[in-house]
Amino acid sequence: MRRDTRASTVDRSGVPLLGSVHRIAHDPLEFLGEAREYGDLMGYRVLRDRAHVVVHPDAVRTVLVDRDDAFRKGSMIRRQTGTLLGKGIFLAEGDDWRGQRTTMQPAFYREQVAAYGDVMVDHAASTAAGWEDGEVVDVAAAARDLTLGVLVEALFGLSPGEDRELVARAAEAIATRFDSRRVASFLPDWLPTPTNVRYRRAMGDLRARLDEIIAERRAAVEAGELPGTDLLSILVTATDEGGMDDDTLRDNLVTFLFAGHETSAIALACALHALATHPDEQATAADRVAAFGDPAADPAAASERDALEAIDRVIDEALRLYPPVYIFFREPVEDVEIRGHRIPAGSTLSLSPWTCQRDPRWWDEPDAFRPGRWVGGSDRPEYAYFPFGGGPRACIGARFARLELRLVLATLLSRYRFEPVTGELSFAPSANLRPDGSVRLRVHGR
Ligand code: HEM
């Protein structure tokens, strides 16, 4: 099963001027899959930028953990998403980033996340209540609705209500703007293409609404209402105390809406589809849930560590096969050496969970959905699996996302059996690994 590690970089610069843009746009997942042939790193070029896909897990570790001080998020990602994420935590660097992360961390402490369990189970139970025995449902759309509802209620203390439409429109405009299959997605967003115009308008509407929400919360705090412990209250308080300016606060709300909503929705839809197409695995998972009891009856017990281990293994495996963040970027601020290769300052490093998490050097039958592979130990390198990134800039919402996935999957499995209508999953990779169109499953009441 294991093939030799080839300590090589190969330059696939592609055609002059565009570099590999056409190849990436044609099929980004195939491009990232081919990188596995190159052992350590695969060199390529996007327009004028020199880039490498980081293929070896030890090289991933060097970038994210051991030498994280030598890297920043980088100009490529800033150029592409700067107008979306602004001054928020995702693109912030140095002391600014550290300050923001420290301010927000209390909203993600273990006890605080566990307290969101009720909200997660409530939303799952009401989604399930809206389905009928024998109905065909689009679980991709249902998952987006559900994770948006959970995020907005748990982190912002709001019910999405009529704002659902506004956020959905912005999410669509963003996904189209960053669809990696469009060559134009590699160009700056000030160019007045129809997609960019739609994107800027949707983002303008969303920002205006977020400003209103911030003003309402601030007025409530000033009127003497106790600030809540949710993220919005924490950020409003930090802004009032001079720790963050208003633009950064608003950029952070945008950041959280998009970092925390579609990612979790993709994981949920892909996990449900994988269970539907693997009836034996589904039956095992549903049996374990039945033995535990309805999570809605005791969300606190279902939130405890190891409470629903079989479901957690399904989540591990779904995040391995379908990493919602299938690629992210770093740029060295000085020349660095990675597994014997010299990487010049200012070049782009692409870290790809999609590449590493299906590499046959570390995974038997890498394309098969087998939650059982997570039972017991393994000798694979730590960074053969990094759906939430790693090191100091690892996902701040990982615990939140994992708990949400566990409680929602368990609640849905306790009420329904899923049967595939959509056969194979296909993807429209954008900033995230979006399923292409609907993911249709037939639900059978238990
Ligand atoms: C399955 C769901 C999720 C996946 C796969 C995921 C994945 C990731 C990854 C890979 C990163 C690191 C990016 C990098 O290093 O450049 C990241 C960062 C981040 N994620 Fe998530 N995420 C998920 C859910 C969430 C949720 C639910 C939230 C919020 C509640 C969230 C908020 C963030 C934020 C704010 C960052 C930036 C952290 C920083 O730079 O300090 N994510 N996420």
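# Exercises on a predicted chain

In this predicted model, 73% of the contacts in the chain with a separation of 6 or more are made by residues 24 or more positions apart.

**Exercise 1. Describe the overall build of the chain, and determine how its radius of gyration relates to the globule rule.**

Solution.
- Step 1: The secondary structure consists of 18 helices and eleven strands.
- Step 2: The radius of gyration is 22 Å, close to the 22 Å that the globule rule gives for 446 residues, so the chain is as compact as a globular protein of that length.
- Step 3: The C-alpha trace spans about 55 × 55 × 40 Å along its principal axes.

**Exercise 2. Characterise the burial, exposed area and charges of the chain.**

Solution.
- Step 1: Of the 446 residues, 55% are buried.
- Step 2: The exposed area of the chain is about 18600 Å², and carbon and sulfur atoms supply 50% of it.
- Step 3: The chain carries 55 positive and 69 negative charges, whose mean positions lie 5 Å apart.

**Exercise 3. Compare the span of helix H10 with the expected span, and examine the residue Gly224.**

Solution.
- Step 1: H10 covers residues 194–222 and has 29 residues.
- Step 2: At 1.5 Å a residue, the expected span takes one less than the number of residues, and the expected value for H10 is 42 Å.
- Step 3: From its first C-alpha to its last, H10 reaches 42 Å, close to that expectation.
- Step 4: Just after H10, Gly224 takes a positive phi of about 95 degrees.

**Exercise 4. Carry out the span check for helix H7, then identify its buried residues and the elements they pack against.**

Solution.
- Step 1: H7 runs over residues 117–129, and its 13 residues should span 18 Å at 1.5 Å a residue.
- Step 2: The end C-alpha atoms of H7 are 18 Å apart, which agrees.
- Step 3: The buried residues in H7 are Gly117, Val119, Met120, Val121, His123, Ala124, Thr127 and Ala128.
- Step 4: These buried residues pack against helices H6 (110–115), H8 (139–156), H15 (299–303) and H18 (398–415), as well as strand S10 (416–420).

**Exercise 5. Locate Ser350, decide whether Ser350 is buried or exposed, and describe its surroundings.**

Solution.
- Step 1: Ser350 belongs to strand S9, residues 348–351.
- Step 2: Buried means under 20% relative accessible area; Ser350 has 0% relative accessibility and therefore counts as buried.
- Step 3: Beyond its neighbours within four places in sequence, Ser350 is in contact with Tyr44, His52, Val53, Val54, Ile327, Phe328 and Phe329.
- Step 4: Glu424 is 74 residues from Ser350 along the chain, and their C-alpha atoms are separated by 27 Å.

Definitions and conventions. Residues are numbered from 1 along each chain as its sequence is written. This is a predicted model: local features need pLDDT of at least 70, side-chain atom pairs count only at pLDDT 80 or more; totals for chains, interfaces and linings use all residues. Side-chain values use heavy atoms; hydrogens and water are left out. Helices (H or I, at least four residues) and strands (E, at least two) are DSSP runs, numbered from the N terminus. The radius of gyration is taken over C-alpha atoms; the globule rule is 2.2 Å times the number of residues to the power 0.38. Buried means under 20% relative accessible area, exposed over 50%, partly exposed in between (1.4 Å probe, protein chains only). Contact means heavy atoms within 4.5 Å. Accessible areas come from the Shrake-Rupley method with a 1.4 Å probe; for residues, only the protein chains shown count as cover. Lys and Arg count as positive and Asp and Glu as negative; His and the chain ends are not counted. The place of a charge is taken as NZ of Lys, CZ of Arg, CG of Asp or CD of Glu.
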